[in-house]
Amino acid sequence: MWYNNAVFYQFYPLGACGALDAPRDGSPRILRIRDWLPHLKQLGITALYLGPVFQSDFHGYDTEDFGTVDARLGTDGDLRELVAACHDQGIRVILDGVFNHVGRNFGPFRDVREKRQNSRYCSWFHLNFEGNTGYNDGFWYEGWEGHYELVRLNLENPEVRSYLRDQVKSWVEKYDIDGLRLDVAYLLPDYFLRELRSFTDGLKPEFFLLGEILGGDYNRLIGDGLLHSCTNYECRKGLYSSFQSMNLFEIGYSLNRQFGNDPWTLYRGKHLLCFADNHDVDRVASLLSNRDQLVPLYGLMFGMPGIPCLYYGSEWGLEGMRSEGSDRALRPDIEKPEWNNLTDKIAAFAQAHAGSDALCNGSYRQVLQTNRQLIFERKTEQERVLVAVNACDETYHADFDAGCGMAEDLVDGTTHDFGAGSDLEPYCVHYWKCEK
C-alpha cells in the first residue's frame, strides 16, 4: 500500500495561502501550494495532506457546503488543478473529512433555524426545542465539546451517512483525491467508520483513511474494516518532552510499548502517523529550549515505526505557539518556503526513510538506551537498519552487539565499521544499514 511507505506533508490552506481573512472572491489562492511542489520534491515528500478546503463559516472545520471549494481559496477547478499538479510530481493528496460537525450556515441547519420543527432536517442533528443556546435560536442543539459554532451531526441517521458518502464520492470524481484524514475520528461511531471503509474500498484502489485520535487505545478505530492509520499523539508528546527533559527513556518506553516484541505490544505491524507539529499543537521549535536538538528529534521521528508527516514550515524550524486561545500563530500565512541546514538534514532523513524497506515496514527492537542516547533496530526480511540518536552536546562511545561488522549510513552514504565501537557525535543521527 502506497501510504505505508509515504512521507507526508501537511498544509493548513486557509492559513498558509493567506485566505483566512481574504474576501470570498474566488481568487486562486490555493494554487500558491502548487508553487511549493519543487520544494516538496527536493524534501522527499510523497503525499500531501490538505486541511479544510470546502466552504466554511471561518476556520474550515465549520463547514457550510461540502460540495464547493471555499471561495477564499479559489474554485473547484483550482483544487482540481492543484491535485493534478501533485499527481504529475508523484505526490498523492488526501483531504480533511470533517464529518462529526458542521457550521451554523450549513444548509440543512439553516433550514432548521428557519422552519424549526417543520424542517425536514430536524433528524440530522441533536435538537431540543424546549431549550436554547447562546446563539438564541429558540432551541438547543448539541455542539462539538460545547462549541456551539460547531453543530454536531446525527450520524445515527442513515440519511446523514448516505449524504456524507455521496460527498466523498464527488470529491474522488471531481478532484481525484487519494484519501481522507477524518477530523475528531475518536468521536465517530464504529458503524460509520465501517460503512465508510467499505464504501471507499470500492471507490478507488488503496484509498487511505487516517483518523485523528488524541489518546486511548488506537486499536479501537484502526484495523481490518476500520481506519488504516491514526495520529500517534502518544509518541508526539514523547518526542518533544524526551528531548526537552533530556530523558529519552520516555520515547523509548512508548516505542517499546507500541511496537516492541513483548506479548503486550499494542500496535506491532501497524503504521501510525508520526509527527512533531500540526495545526492544533505548539510547534516543537518553540517547545525546545535547545534548537540543536531539532536534528536528532526529527531523525528519531523518521527512523521510528510509522508514517512520518511534516507540518509546513517545520522543516526550517518555524516557531509558533497558541496565544490567548488563538491558533493563528500555528497556522501562518507563508508565501514561499525556506531552506536551511535543518532542512538539509530533514530531507536526508525523509529520503532515507522512503527508500528503506526496514524504516518503512520493519519491526522494532531496542538495542541501547540511556537518558541521552537511543539505538534501535528496524528489520524486515530484506533489510536491517540500526537507528542511532545522540540528544546531547557530547560525543558518546557506544559499545553494543551490532550483529555484523560493517554498515552503510543511509543518511550520508558513509561506511561504518562496528569493530572499534561506535562514536555518536553531538546531536547526531545515523541510519546504519547493516550487512546481511
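This note sets out points on the sheet, the cores and the largest pocket of a predicted model.

1. Basis. The model is predicted, so local features need pLDDT of at least 70 and side-chain atom pairs count only at pLDDT 80 or more, while totals for chains, interfaces and linings use all residues. Residues are numbered from 1 along each chain as its sequence is written, and side-chain values use heavy atoms, with hydrogens and water left out.

2. The open sheet. Six strands (DSSP runs of E, at least two residues, numbered from the N terminus) form an open sheet in the order β16-β17-β18-β23-β20-β21, with antiparallel pairing; two strands pair if DSSP finds at least two bridges between them. The edge strands, each pairing on one side only, are β16 (363-369) and β21 (415-417). On average, neighbouring strands of this sheet are turned by 30 degrees against each other, direction ignored.

3. Strands β17 and β18. Strand β17 (residues 373-379) is joined to strand β18 (residues 384-390) by seven bridges, and the two run antiparallel. Here R378 stands opposite V385 in β18. Helix α10 (residues 294-303; helices are DSSP runs of H or I, at least four residues) packs on the sheet and touches β17, β18 and β23 (429-434). The direction of α10 makes about 35 degrees with that of β23; axes are lines fitted to C-alpha atoms, for helices over the stretch in contact, and angles run from 0 to 180 degrees between N-to-C directions.

4. Strand β20. In the antiparallel sense, β20 pairs with β23 over three bridges, and A407 stands opposite C434 in β23. Three bridges also join β20 to β21, where M406 stands opposite D417. Five residues lie between the strands in the hairpin of β20 and β21, and G413 there takes a positive phi near 80 degrees.

5. Nonpolar cores. A nonpolar core is a set of buried (under 20% relative accessible area, 1.4 Å probe, protein chains only) Ala, Val, Leu, Ile, Met, Phe, Trp, Tyr and Cys residues joined through side-chain atoms within 4.5 Å. The largest has 131 residues, and F8 and Y298 have the most contacts inside it. Leaving aside neighbours within four places in sequence, Y298 is in contact (heavy atoms within 4.5 Å) with residues including A276, L310, F349 and Y431. A second, separate core of 14 residues includes C404, A407, L424 and W432.

Note on methods:
Buried < 20%, exposed > 50% of the residue type's maximum accessible area, 1.4 Å probe, protein only.
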